[in-house]
Amino acid sequence: MNLYKLELMKIRLSTYLWAILGIFASLLSIGILFLFIFIMETGESAGSGDAELFADWNGLLALTTALAFSCFSILSAVIAAKVIVKEYCGTNAVVLLSYPVNRKAVLGTKCLVVSSITTVFAFISNTLVIGIMYISAHIFRVMPQMNTEHFIFIVLISSFLMGILSSATGIISTAFGWKKRSVVVTIVCSLLMVCVFANCITISPGNIVWVILTMSVVSVVIACVTYHILANGIEKMEV
């Protein structure tokens, strides 16, 4: 049995699928609510800055993506805290470090599995939420402005980049959590990063792809650095 199948079995993905389903349902409910907020805001304060986010699809995409990023970043940190921080800092560390496999290979597999789960489900969830919102807008005859001809591609690209950004946030948080030997620190670190990055996503809805791309590149670079620090630290751990 290869390392990937072993880690998937240890993670018990079915447990987190319920959490992912809950995130999707919550984001969809909030997304539908955004459509009705659009009606109220445009009727009462059409010129306000807050109303502009609900007045077109780019703004709605930015809001929904920011919320999705927040949820999946924390989910990524929770999964990573279980399979990395808890295992390497708990009673099972002796068994884990005794595996006749390179320690960095084991850690790399764990990080890859966590990142893959986060990226794939974040992409699927955000894409479906925006798609259902668009269909609902037609059903309820509530149609915000469409300022681009390639909105579907913007949704796909921004959702994929958001998934990468979420997984990178999880890896960075994991490194801090391992350093402090605490699962709680891992979660708190992800919350702090979410508070900063989520607001940045909504800075320029019209350029959301470039905004998330920039954030993703910076976060991936930081995640790679922290991963190497984490890998070197685990490599030096004594059994």
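Where in the structure is the place of Arg 181? Arg 181 sits in the loop between H7 and helix H8, the latter spanning residues 183-201. The model discussed here is predicted, and the backbone of Arg 181 in this model has a positive phi of about 55 degrees, although the residue is not a glycine. With a relative accessibility of 46%, Arg 181 counts as partly exposed, because that class covers values that are neither under 20% nor over 50%.

**Overall architecture**

The secondary structure of the protein comes to nine helices and zero strands, and a reading along the sequence accordingly gives the pattern α-α-α-α-α-α-α-α-α. Of the 239 residues in the protein, 47% are buried.

**The largest pocket**

The largest pocket holds about 240 Å³ of space. Two or more residues of its lining are given by each of helix H6 (103-139), helix H7 (151-179) and H9. The lining residues are Cys 111, Leu 112, Ser 115, Thr 119, Ile 164, Ser 167, Ala 168, Ile 171, Val 220, Ala 223, Cys 224 and Tyr 227. Sorted by class, this lining has nine nonpolar and three polar residues, while no charged residue takes part in the lining.

**Helix H9 and the nonpolar surface patch**

Which residues form a nonpolar patch on the surface? The patch consists of Trp 210, Leu 213, Val 217, Val 221, Val 225 and Ile 229, which together have about 590 Å² of accessible area. One of these patch residues, Val 225, is placed in helix H9, which runs over residues 208-235. Val 225 has a relative accessible area of 46% and is therefore partly exposed, since this value falls between the limits of 20% and 50%.

Two further residues of helix H9 can be described in similar terms. Val 218 has its place in helix H9, and at 44% relative accessibility this valine counts as partly exposed. His 228 is likewise placed in helix H9, and its relative accessibility of 48% makes it partly exposed.

**Residue pairs separated along the chain**

Four pairs of residues are listed below, each with the separation along the chain and the distance between the C-alpha atoms.

| Pair | Separation in sequence | C-alpha distance |
|---|---|---|
| Gly 59 and Ile 208 | 149 residues | 9.0 Å |
| His 228 and Lys 104 | 124 residues | 9.2 Å |
| Val 218 and Leu 165 | 53 residues | 9.2 Å |
| Tyr 134 and Pro 144 | ten residues | 9.5 Å |

The surroundings of several of these residues can be added. Gly 59 lies in helix H4, which covers residues 57-89. Is Gly 59 buried or exposed? At 0% relative accessibility Gly 59 counts as buried, because the class is defined by a relative accessible area under 20%. Its partner in the table, Ile 208, is 149 residues away in sequence, yet the two C-alpha atoms are 9.0 Å apart in space.

Tyr 134, by contrast, is placed in helix H6, and with a relative accessibility of 33% this tyrosine counts as partly exposed. The C-alpha atom of Tyr 134 is separated by 9.5 Å from that of Pro 144, a residue ten positions away along the chain. For His 228, which belongs to helix H9, the C-alpha atom lies 9.2 Å from that of Lys 104, with 124 residues of sequence separation. Val 218, also of helix H9, is paired with Leu 165 across 53 residues of chain, and their C-alpha atoms are separated by 9.2 Å.

Notes
Residues are numbered from 1 along each chain as its sequence is written. This is a predicted model: local features need pLDDT of at least 70, side-chain atom pairs count only at pLDDT 80 or more; totals for chains, interfaces and linings use all residues. Side-chain values use heavy atoms; hydrogens and water are left out. Patches are made of residues with over 30% relative accessible area and no salt bridge: like charges are joined within 9 Å, nonpolar side chains (Val, Leu, Ile, Met, Phe, Trp, Tyr) within 5 Å. Accessible areas come from the Shrake-Rupley method with a 1.4 Å probe; for residues, only the protein chains shown count as cover. A salt bridge is a side-chain nitrogen of Lys or Arg within 4 Å of a carboxyl oxygen of Asp or Glu. Helices (H or I, at least four residues) and strands (E, at least two) are DSSP runs, numbered from the N terminus. Buried means under 20% relative accessible area, exposed over 50%, partly exposed in between (1.4 Å probe, protein chains only). On a 1 Å grid over the protein atoms alone, a cavity is a set of points where a 1.4 Å probe fits but cannot get out, and a pocket is an open set with protein on both sides within 12 Å along at least five of seven lines; lining residues have an atom within 4 Å of a point. Grid points are joined across faces, edges and corners, and a volume is the space filled by probe spheres set on the points. Ala, Val, Leu, Ile, Met, Phe, Trp, Tyr, Cys and Pro count as nonpolar, Asp, Glu, Lys and Arg as charged, and the others, Gly among them, as polar.
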